[in-house]
Amino acid sequence: MNSWPAVEIERIRRAGLLRRLVTTSPPCHGKIRVEGKPLVDFSSNDYMGLSQHPALKDAAAIAAKAYGVGSRASRLMSGNIDLYDRLEKKLARLKGTESSLVFGSGYLCNLAVISSLAGPGDIVLLDRLCHASMVDGALLSGARISRFGHNDVAALEDILVRKRDRYKRVLICIETVYSMDGDIAPVAEFIQAARAHEAMLLADEAHAVGVFGKDGEGVINRLDREKPTVMIGTFGKALGGYGAFCTTTLQFREYLVNKARSLIYSTALPPPVLAANLKAVEILPGMKETRERLLARAARFRELLSRRFCIETRGNSQIIPLILHDIKTVIELERHLQGNGILARAIRPPTVPKDSPRIRFSFSSAIEDRDISKLEAALARFFKGNRPR
Ligand SMILES: Cc1ncc(COP(=O)(O)O)c(C=O)c1O
C-alpha cells in the first residue's frame, strides 16, 4: 500500500515523462549555469532581461530597507501598501483600462478571476491550448467547461450558437501569445464573437506584455476602444519579477476584490518585489529597441528552421516550438543541445498534446547572433542534414 507513489513514479518514468528539479545559478553574461556548466539560455521567460536589470535590483533593495522583506498580511488586512496603488495606476495606464488589480502570480490570478467570473449554471469556453492555470480556474468555478479548436473563432461561434441560451453567463478564455506554440490569437475576432453572444472574454497576455505593443503593453493595443472584459499579465516573465495583474473596469475590479479568493486569503506580495515590478512598468516604454532586436532574432531563427531544416513554425513571437512527434527524440535532442552548450527544454504531455512533444526555444534579449549560429550547428549535427520527422 505504501509503495503506491513508487508505482506511479515508475509509470511516469517508463512513459518518458518523469520531471526532475535541476539546480541552476543566476545568469551571467547571457549564460546560465546548470550543474556547474555554462549554457546559452533558451529556456527562460525573462524575454527582456529585466530580472537582472540594475534599476530593478536597486528598487528592490531600497524597498527592502524602507518597508522590510515581507508584507505581513493579505491585501484586505494590512498588506495593501502604497506601492500597490502606484503599480496599479501605472498598469491601467499601460493597458488603457479604467483599473487594474495585482495578484500573487499568474497562476493565482487566473484561478481567482475565472472562478469569480463564472460559477454553477455558467459555461467557460477555453481555447484547446489554454494554459493549465486557466483550465484549473475553470474547474474550480464549478461552471460547465467546453473547449474549442485552437484559435478557431468559427468553432467557438458554433458552440455559442448552439449553447448560449442554456447558460446564464459565458466566459471565453484565450491567450494572446500562446506559451508553448508562440502563435498569436486573432483577438479582434474573439472580441466580436464575445460581443455578438453577450459573453465575457478573458485574454491572457502573460507572454505578450513587455514584448509586444508600442510601449510593451502587449498584443492588445491600449488605444483600442473595444477590449476583452479582462486582460491578464504576469510580472514573472518579460517584466523580470514576480506576481501578476488583471486589467479591467472599475466595476469588475470592485467585484474581484470581494470575490477573488487567492487575493482575499493569501499574503500580499513582498515590498521589494512590488518595487521591482513598478520599476519594470516604468522603464518598459523606453525599451522599444530591445523589443525590436528580440523579435528580429527570433524571426531569424524561424527563417533558419524553415530554410535549413524544413521545419515550419506558427506565429511570429519570441517563442518557437520545434515539434517532433515522439518523446524519445525530443529528450535526445534536449540532451544533445545541453551537451553542445545550449539549454532548451523538452516540453512533453500533459503540458502539450500527446502527439506534439517539442523543444521550446524561448528567446530573450540576452541571445546574440552567435548563439543562434551555435544552435544551428548543434541542430545540424543532431539531424545530420536530414529533415526531422
Ligand atoms: C498563459 C499563462 N498564463 C499564466 C501563467 C502563470 O503565470 P505565473 O508564472 O506568474 O504564475 C503562465 C505561466 O507559464 C502562462 O503561460
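Helices and strands here are DSSP runs, with at least four residues for a helix and at least two for a strand, numbered from the N terminus. On that count, the protein chain of this predicted model comes out with 14 helices and 14 strands. Its radius of gyration is 21 Å, close to the 21 Å that the globule rule gives for 389 residues, so the chain is as compact as a globular protein of that length. Taken along the principal axes, the C-alpha atoms fit in a box of roughly 60 × 55 × 55 Å. As for burial, 45% of the 389 residues count as buried. Of the contacts with a separation of 6 or more, 72% are between residues 24 or more positions apart.

Now to the sheets. One of them is an open sheet of seven strands, ordered E4-E10-E9-E8-E7-E5-E6, and its pairing is mixed. Strand E4 (99–103) and strand E6 (144–148) sit at the edges, each pairing on one side only. From one strand to the next, the twist averages 20 degrees. Over at the E6 edge, strand E5 (residues 123–127) runs parallel to E6, and five bridges join the two. Leu-126 is found opposite Arg-147 of E6. Helix H7 (residues 153–163) packs on this sheet, where it touches E5, E6 and strand E7 (170–175), and its direction makes about 145 degrees with that of E6. Another helix, H9 (residues 250–259), lies across E4, strand E9 (230–234) and strand E10 (244–248), running at about 25 degrees to E4.

There is also an open sheet built from three strands in the order E11-E14-E13, with antiparallel pairing. Strand E11 (319–323) and strand E13 (345–347) each have a single partner strand, so one side of each is left without a neighbour in the sheet. Neighbouring strands here are turned by 35 degrees against each other on average, direction ignored. E11 and strand E14 (residues 358–362) run antiparallel and are held together by five bridges; in one of the pairs, Ile-319 has Ser-362 of E14 as its bridge partner.

That leaves the ligand. A shell of 14 residues surrounds the ligand, and the closest are Ser-105, Gly-106, Ser-179, Ala-206 and Thr-234. Helix H5 (residues 106–117) gives the most to this shell, supplying three residues. By residue type, the shell splits into nine polar, three nonpolar and two charged residues.

How values were computed
Residues numbered from 1 in each chain as written. Predicted model: local features only at pLDDT ≥ 70, side-chain atom pairs only at ≥ 80, totals over all residues. Near = placed C-beta within 6 Å. Nonpolar A, V, L, I, M, F, W, Y, C, P; charged D, E, K, R; others polar. Pairing = 2+ DSSP bridges. Axes fitted to C-alpha atoms, helices over the stretch in contact; angles between N-to-C directions. Rg over C-alpha atoms; globule rule 2.2 N^0.38 Å. Buried ≥ 20, exposed ≤ 12 C-beta atoms within 10 Å, placed from the backbone. Contact = placed C-beta atoms within 7 Å.
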